[in-house]
Structures are given as C-alpha cells and as structure tokens.
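User: Could you walk me through how to read a few features of a protein model?

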Amino acid sequence: MRFTAGDRVTVRGRRWVVEEAEAFADSTLLSLASVEPSSARPCRLLVPFDRPVVFHPASRIRAVTRQRWTRLFRALLSEQRVHGQLCAAQRAAINILPFQLEPALALIQGRASRILLADEVGLGKTIQAGLMLAELRQRSWCDRALIMTPPGLRQQWADELRQRFDIRSIVIDAASLSQLAGTLPYDVNPWTLESVVITSIDFIKQPDVLRTVAAELWDLVIVDEAHQASLASLRYEAAHSVAARARRLVLVTATPHAGDERAFRALCALGQLDGEEPILLFRRTRHQAGLPRRRRAHLLPVHQTPDAIELHRQLDTYLAQLWKISRTAGRSDAQLIAMMLAKRAFSSAHSLLRSLERRMAGLEEQLDPPSQPALPFECDIDDTDEPVLPRVPAFERAEDERGVLQRLVHAARLAAKDERKLHALRRIVRRIREPLIVFTEYRDTLEAIASAVGVLRRVTLLHGGQTPQERRASIAAFTTGEADLLLATDAGSEGLNLQNRCRAVVNLELPWNPIRLEQRIGRVDRIGQTRTVHAINLFAEGTAEGEVLAGLLRRLDQIRMSEIEIAACVIDRCEPAPRPSVEPLNTIAVDMRGAATDEAHRLAGARNVETGRASTPEDLVPVTVVEFRRPGHFIAFMRVRLVTGAGRLVEDVLVPVAVPFGMQRRSGVREVRATAEALVARLRPALVRSARQHARAREKTIVRESAEWAARAIERERRIGDEAAATRVSSPVQAGLFDSRALKQQAHRQRRGDSVRRDTDARRTRLESDARVSLPHDPDIALLLFTC
C-alpha cells in the first residue's frame, strides 16, 4: 500500500495523520502525529512491520444537529495545519504567551539558522527553547538534538521537556557514557543512540568526549547559559566545535553582554560558518513582553565596627598599591589579586581572612605541592565560587608584601569577631516570617552565615561544589518545606525556579557585575510569581561598596561595564559615566510581534475546542441547516492537503466552497440528507475543481515563502559538508611498533568525514525537494452546510 503525507491512518489502536512518508526499496518509514487529544507524542514506524489502515474519503452523508455540527467543525479547525503556523504548542503544557512564540515562529519560518535567545531573567527561556525543539520534531525536521547546560541543570531540562512537551531525553555524564560505550561496537558512537541528548558543557569540553560529539551532525544544538562559554576558554572551543556541525543552533542566556564587547562578539559568532549571516537576536524585557513587574528593592546600609573600618582602611592602601603595579608594570596577576581581595572584603571579614591566609601561605610556599591531576570522573562539579589566588609576589620585595599581609590578617581576625552584616541578617531572618533566600558570592561566607542563623531557621545550602544529587536534594528540601531558609552562591543558583515557594531575596553583598544581581532576584521574580517580590541589598557603609557599587545599582539600566572597569571604579573610589545604549552590529532582528499575537489567539481558540470527532465515524460527512447572514447557500468544506516533494505534509486545511441553493430551515432529517446527497453527486467535480484552484494558489505562496528558508538551509548544509571534507585531510600518522590505534583512529575520522559529507549531500537534495509543493490527491469533502 502506498502512503502519502496527510493520510489518516489507524495503527496500534490509535488514529494518526501521516506527517511524512519516506519510501525505500522494500519498506516505508512513516512519521505519524496523533489526532487524539489524549496522545500527543509523535510516532515513527516501518511498513510492513506495522500495518496501518488508511481511512478512505468519506462517502456517507448524515444529518446532525447544529450543536454537534458546530463541535465537529471546531474540532476540524483545531486540527488544521497551515504553513508557517505552530503545531506542537497547541498540546504543550505551557501558558500561551505571544512573546514566547516569536522564536519558534522565526525558526519554523526559516528566518535564521542560529538564534540568540537573550530575554531578561524569569521570562521562560527554557520553555521557548523547548518549544522550538518540539516544533522541529513535530515536522520531522529534528531527528537528533543536543542540549548543553551547566551541570546542575541537566535533570531540570529533562524534566521540563518531559512534563511540558512529552519529549523523552537521556542525560549523559561520565558514568552513563562509560556504561553505554562498554556495550557497543568500536565504530558505534554512543551519542547517536538517543534522539534528544542532554549533557554538561564542562563534560563535553574534555578532548576525548569532544572528539566523539563534534564528529556527529546535529539537527539542533541548544546551549543553555551560553555566556559561560566565554572567549578563549575550553568551554568556548567545545561549544563552537559542536555548533559548527549543527543545522540549527539556539543560544540561551539572560546576560549576553556583561560589558565586554569582545566576549559578546565571540558569543554571537558561536557556530557561525564562513560567510554566514549574523545571529538572530531576541532580547525582551518584562515591559516589552507585556508582563507587569511587582518588585520592591531595598538598599540597607550596615554600620561598621571600628575594627572593620580599620580593616578596610588598610586593605584600601594595599589594593591601591596592587592596582598601581598592574597599570605600570602590566601585571595582570596583581590586578586579579586586588579584585579578589576587594570582593571578598565586601562579602565578609571571615571570607577575606581565608583569602589573606591563602595568599600568605602561597608567598611563603607553605601550600601543599601540586599533585597529579585527578581523572575526570567528577568533571561536572563546578568549583567557581572558590577563588584561586596567584602565588607570585606583587611587590618588588616579597618581605614587604608579607608584612602588609600580616597586618591585614591581624585586622581581619579582629573584624571577624563582630560581623555587622551577620547581625543585620539575623534581624532580617527573625522579622521575615516566610521562606527566604540569602545570596552570597563565596562559600566561605556561606558557612559563616549558616553558623550565624542556623539556630533561627531550618537551613539548606546550595553552592557550586555540590554534586548534582546534592544539589537536587537541597532544592527539594527548600521547595517541599523541609527547609525555609536557602543559603546559596551564584555558582549554585543558576536555573532555579523558586517563584512558587518564595518572594524574598537577601543579598549579603553587592555583586560587582550588576547583571548578576538581576540573576539572583530572578530566581523568584519569574513568570508565575503572584506576589510582590522584595529584594534586600546589604552594603557596608563608609566603604567603596556603599560609595560606588550602591550607586551602580541605582543606575543598573544605564551601566554596561566589565568587572575590570568596575574594579577600577571601586579601587579608585570613582563613579563611571553612563554609556549610551548601542545596538549591536553583529546581530540581526525580525519583528514577529504581530504574527505571534495572531498565533496566540489561534492557539487559545484551538485549546478551547471540545472535540467531537471520536463519536463520529471517519467515513461520514455531517450536514446541517443553520440561519446565516448570507442565506440560500450550500457550502462544502473541502479538505486540502499539500505535500512537499520530499513527502512531508506542509498544509492540511478546510476550504469552503459555496453554491447558491435555497433550503427550508424546518426541513426534516431525511430531506436534508437526501438533498445533500443529490447535490454532492451533481456538484462534486465543480467542488473539487474549485478546491484545486485554491490549492494551486497556496502552492505558489508556500514555494515563494519557503525560497529564502530553503536557500539558507541548503547553504549551511553545503558549508558543513565542506568543513567536514576539509578536516578529513589530516597530517600523516605513524603507528607504534606494537600499537596501531593511531592508524585506526585516523581511518575512523576519515570514514566519519566521508559519512558527514554524504549526509549533507543527501540533506541538500531533500531540502531542494522540500521546496517543491504539490497536491497529491483530490480534496475530500469533510463537512456540508445549508444556510437559510
């Protein structure tokens, strides 16, 4: 039996529509989408191993009541597929918000191959990226997708895809990859076994792992928290290597530009092939998204003890000397030490004391000697909230610097005995009688906070040094009510959705990058938060934290600076001049607001439909009589299905064809049915001819709208193939006397390069076929209506 996209089939006890039919020598691969509301997961099967039964065009006409006819009509409208409209969003477990539909619309309409999704914190970027994946899979455009995230967000992504889009995925880490690889032949890549793979970018950046991941072609690559793949880092190299083999790329970040123009340009260049257009940028605020913001920010000055004032005075002198050395001698290590100590001092005297002692030990070479690097079994653990200070002396005479550090250590020990910020925090914790989050930048300070307030609340900790299992346990303790105070560092808090549990955030210190402050508050100020959010920001009065950073906070919307520029302001005790906002030149933008609003209205209406198709056999054509503002017509709703040359269903719509005919409203059921049968027998050729004219017009429109998309996709496919062919040419390899692994690896790389080139050539042929649209068979009659 021959199958065509658009056919309605029954198989495995369910009803489906054929999305794509790919014929082979002795079998046919069918991509099916369910037409039943209870089953949204698509299905792929091989004929003749499965034997679908095709519904033949409806032949019997039955008169039904107006109410039932209306339900059937609305159900058929909800099942329509129009070229350029969304499909998966209708059944996804998400709220329909117009701005969240814009990136998916741009992707399926072929506006770009690379998208930078950079909405501000709390606007549902994970949902938007998941919707793009679901739409591509619905159209059989995405057989293999890779999602790279920070280690702590892998399981959260898997849960979101399963719960919201019914997409199954696999999380791969060192343990699971080792288990998979141990059961597979040498030439089978374990990354190709599942259609959707989620992993950590810190895991992929390992050379052995990256070699196998970057060797594959990916239909879609999503990089979450893409700003972490900073310029000139292993993360960036890994992300770019994989993205360059992706047919489509989505970068997700709330902080695309943190003041470093070079880093922003590098981010926008991820996955960009030679001669390719700039990345498509979506950057919306809550105001632009049409969402209200209910937030109150409180700047709370904290008076310092005489010991703390003396500590900051001595530290300011030391930092000024370090900064002068960095400027005059070009010593970047002195600059790093100054920045680190200043930030630690604003966090707590306890934290500063730890760093000063480490610095002293480093100068005196009392640290443990370096050991052999550990094997990468725990490579996914992120220690970014634990600083590492250089050991090289900054002063010309090392003993002079040791003397300064000894005095600072003594001052820090005195100040640590009475931490006024911790006193203020205890008062806040006592007064706020609801769940609360306290943020700090460093784990040393986190431990001091836990000791100070642990007797007042049920406390749980969250930091970058935790394993994924420990992180999930901490989050679960807070969200389930087992704990009511969450102490977190920036490294441990990425991707948290706590709007349903909490509305109050306390920042023990002001981050040097104001965008990081927005990230912290965004853990609770997100879509779904129903209460006013309160952000309490503590700062040490009489220090640069109060004089400079608090001023930056008040002008957050005007400041775009790197941390080094902010450090210069902190140490020099000066405020920066506001910089005018400049539109980035290495991105493009499209206005999808109107299309997204229309699509949101359509989806909302389709979701409200009460489907009645299950109670009506597929071989029946319902007919009824209604009063209408244009009476005296017989209307046949013809089902028109358009298919691409590659066998993919591109449009499935109802086309009304009206013929003048008078009908009495009080006509009986038998009379209505008999009249409809007679008219259909006489007018069917004319009805089909009129529907075919509509189909021809739509064919031309779709081909015209798809031309730019097809050309862009074909060109990227060509570039990927050319890059694979270029990498196939490798330098000579000499095998060992008793070891030929190098030769085997080279041969495998060459075979993989040839395979990629064949895949890209086949994909280009398929894309060229996809740009052609036709009507595979005559339109069917779906519904009949008499107006009177």
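**Reading the fold**

Analyst: Happily! The protein has 22 helices and 25 strands; these are DSSP runs numbered from the N terminus, helices being H or I with at least four residues and strands E with at least two. This is a predicted model, where local features need pLDDT of at least 70, side-chain atom pairs count only at pLDDT 80 or more, and totals for chains, interfaces and linings use all residues. Residues are numbered from 1 along each chain as its sequence is written, and side-chain values use heavy atoms, leaving out hydrogens and water.

User: What share of the 788 residues counts as buried?

Analyst: Buried means under 20% relative accessible area, exposed over 50%, and partly exposed in between, using a 1.4 Å probe and protein chains only. Here 55% of the residues are buried.

User: At what angle do helices H2 and H20 pack?

Analyst: Axes are lines fitted to C-alpha atoms, for helices over the stretch in contact, and angles run from 0 to 180 degrees between N-to-C directions. Helix H2 (residues 98-108) meets helix H20 (residues 593-607) at about 110 degrees, their axes 8 Å apart. H2 and H20 are therefore roughly perpendicular, a label covering 65 to 115 degrees.

User: Which residues of H2 make the contact?

Analyst: Contact means heavy atoms within 4.5 Å. H2 contributes Pro-98, Leu-101, Glu-102 and Leu-105, while the H20 side includes Arg-593, Ala-596 and Leu-603.

User: Is Gln-155 buried or partly exposed?

Analyst: Gln-155, in helix H4 (residues 154-165), is partly exposed at 30% relative accessible area. Beyond its neighbours within four places in sequence, Gln-155 contacts Val-171 and Arg-472.

Methods: Parallel < 35°, antiparallel > 145°, perpendicular 65-115°, else oblique.
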